[in-house]
Amino acid sequence: MTAEQTGELAALGTALLWTLSTLAWTSAGRHVGATAVCFVRLLLTLVLLTLYGGLVRGQWWPVGVSAERWSVLAASGFTGFFLADILIFKAFLLIGPRLTVLLQAFTPPLAAQFSWLLLGDRLSGWQWVAMGVTLAGVVWVVLEGHNGTGDAHDPRRIALGILLAVLGAAVAAIALVLSKKGIGDLDPTVATFIRVLGGLAGIVPLVTVTRRWPSVVDTARHPRAVPLIVFGTLAGPLLGVILYMIAVRNCPAGVVSTIIATMPVLILPCVMVLYREKVSLRAAGGAVLSVAGVALLML
């Protein structure tokens, strides 16, 4: 197996884990709010990574990492774990997960362009075709049905949700490119640790300025939200992000973000089981098209 194929498999694993964490955090956010969920899950991730570093690697704190790499990875965490996630979480609550994830289809082409401009990564014509096929399938899947919110007829709510989702997609593309630039040959858990610190550097001032600390404390004691946040943290910023860092190390940014963009397809069986949604033949056809696109990317 080549390094690029390893990265592609890691990206597919990331998409699966992030799908599970997305559903968990959407449910938790409806109980306690997006900002509190963002903070608690980052803090929990930092604790778990610290324990892993001390017990497995013998280092409680990253050592031997250059100041330049620290700054790039911290910037990646600030833009990805803080800015992008806040925007996307707010969009989830306004327009629902399916429409929000649909608008994340802007991320792959933006990531490919940013990566080309900043890192010199170029995609082949075949990869661009495969990206197009994959994203066409994603769009086909998510456009099926309504947006899943109770405010489907509130145009201001929908407009704000769409704006936040598109901005989140652009910021996520920047974070992906910064991650690729910063990781190099660094251990993915160390890179993730630094990125989490970057995210906390953004979320802590926000919680302080908006006086959300009581909400954070309440979140940590909420009987329904806590299990969802713990599960989402293990699946998302811990295991999922470690796989994500492996993927961006070995693959072009555009390929990684395209594979991760299959999340709406992966959400289909989950919403069928959890929310009793029916999936039409059109949605199933879009899923097949998206899977075919990913297969083309991995050939």
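A residue is called buried when its relative accessible area is under 20%, exposed when over 50%, and partly exposed in between, using a 1.4 Å probe and protein chains only. By that yardstick, buried residues make up 52% of the 299 residues in the protein chain.

This is a predicted model, in which local features need pLDDT of at least 70 and side-chain atom pairs count only at pLDDT 80 or more, while totals for chains, interfaces and linings use all residues. Residues are numbered from 1 along each chain as its sequence is written, and side-chain values use heavy atoms, with hydrogens and water left out.

**Figure 1. Welcome to the whole chain, built from 12 helices and 0 strands.** Helices (H or I, at least four residues) and strands (E, at least two) are DSSP runs, numbered from the N terminus. Read from that end, the elements run α-α-α-α-α-α-α-α-α-α-α-α. A contact here means heavy atoms within 4.5 Å. Of the contacts between residues at least 6 apart in sequence, 89% join residues at least 24 apart.

**Figure 2. Trp61, Trp70 and Phe193 gather into one aromatic cluster.** Rings of Phe, Tyr and Trp (its six-membered ring) pair if their centres lie within 6.5 Å; planes under 30 degrees apart are stacked, those over 60 are edge-to-face, and the rest are tilted. The whole structure holds 5 aromatic pairs. In one of them, Trp61 and Trp70 are stacked, at 5.7 Å centre to centre with 25 degrees between the planes. Trp61 also pairs with Phe193, this time edge-to-face, at 5.5 Å centre to centre and 85 degrees between the planes. That second pair links distant parts of the chain, 132 residues apart: Trp61 is in the loop between helix H2 (34-57) and helix H3 (67-103), and Phe193 is in helix H7 (residues 188-209). Are these rings buried or partly exposed? Trp61 is partly exposed because its relative accessible area is 46%, and Trp70 is also partly exposed, at 21%. Phe193, at 5%, is buried.

**Figure 3. The charged end of Arg195 sits over the ring of Phe81.** A charge is said to sit over a ring if NZ of Lys or CZ of Arg is within 6 Å of the ring centre and within 35 degrees of the ring normal. For Arg195, the distance to the centre of the Phe81 ring is 4.7 Å.

**Figure 4. Lys180 is a buried lysine in helix H6 (residues 155-183).** Its relative accessibility is 17%, so Lys180 counts as buried. A polar atom of the Lys180 side chain lies 2.9 Å from the backbone oxygen of Val248. Leaving aside neighbours within four places in sequence, the contacts of Lys180 include Ser115, Asp121, Arg249 and Pro252. How far apart are the end C-alpha atoms of H6? They are 42 Å apart, which agrees with the 42 Å that its 29 residues should span at 1.5 Å a residue; the expected span is 1.5 Å times one less than the number of residues. Just after H6, Gly184 takes a positive phi of about 50 degrees.

**Figure 5. Ile203, Met245 and Val256 touch the most other members of the largest nonpolar core, which has 52 residues.** A nonpolar core is a set of buried Ala, Val, Leu, Ile, Met, Phe, Trp, Tyr and Cys residues joined through side-chain atoms within 4.5 Å. The elements giving two or more residues to this core are H1, H2, H3, H6, H7, helix H9 (225-250) and helix H10 (253-260). Beyond four places in sequence, Met245 is in contact with residues including Leu73, Ile183, Ala191 and Arg195. A second, separate core has 11 residues, among them Ile95, Ile158, Ala165 and Val171.

**Figure 6. Thr19 is found in helix H1 (residues 3-32).** Thr19 counts as buried because its relative accessibility is 1%. Setting aside neighbours within four places in sequence, Thr19 is in contact with Met263, Leu266 and Ile267.

**Figure 7. Gly293 has its place in helix H12 (residues 281-298).** With a relative accessible area of 0%, Gly293 is buried. Not counting residues up to four places away in sequence, Gly293 touches Ala130, Val133 and Thr134. The C-alpha atoms of Gly293 and Gly137 are separated by 8.0 Å, although these residues are 156 apart along the chain.

Note on methods. Polar contact = N/O pair within 3.5 Å; in protein donor to acceptor, adjacent residues only side chain to side chain.
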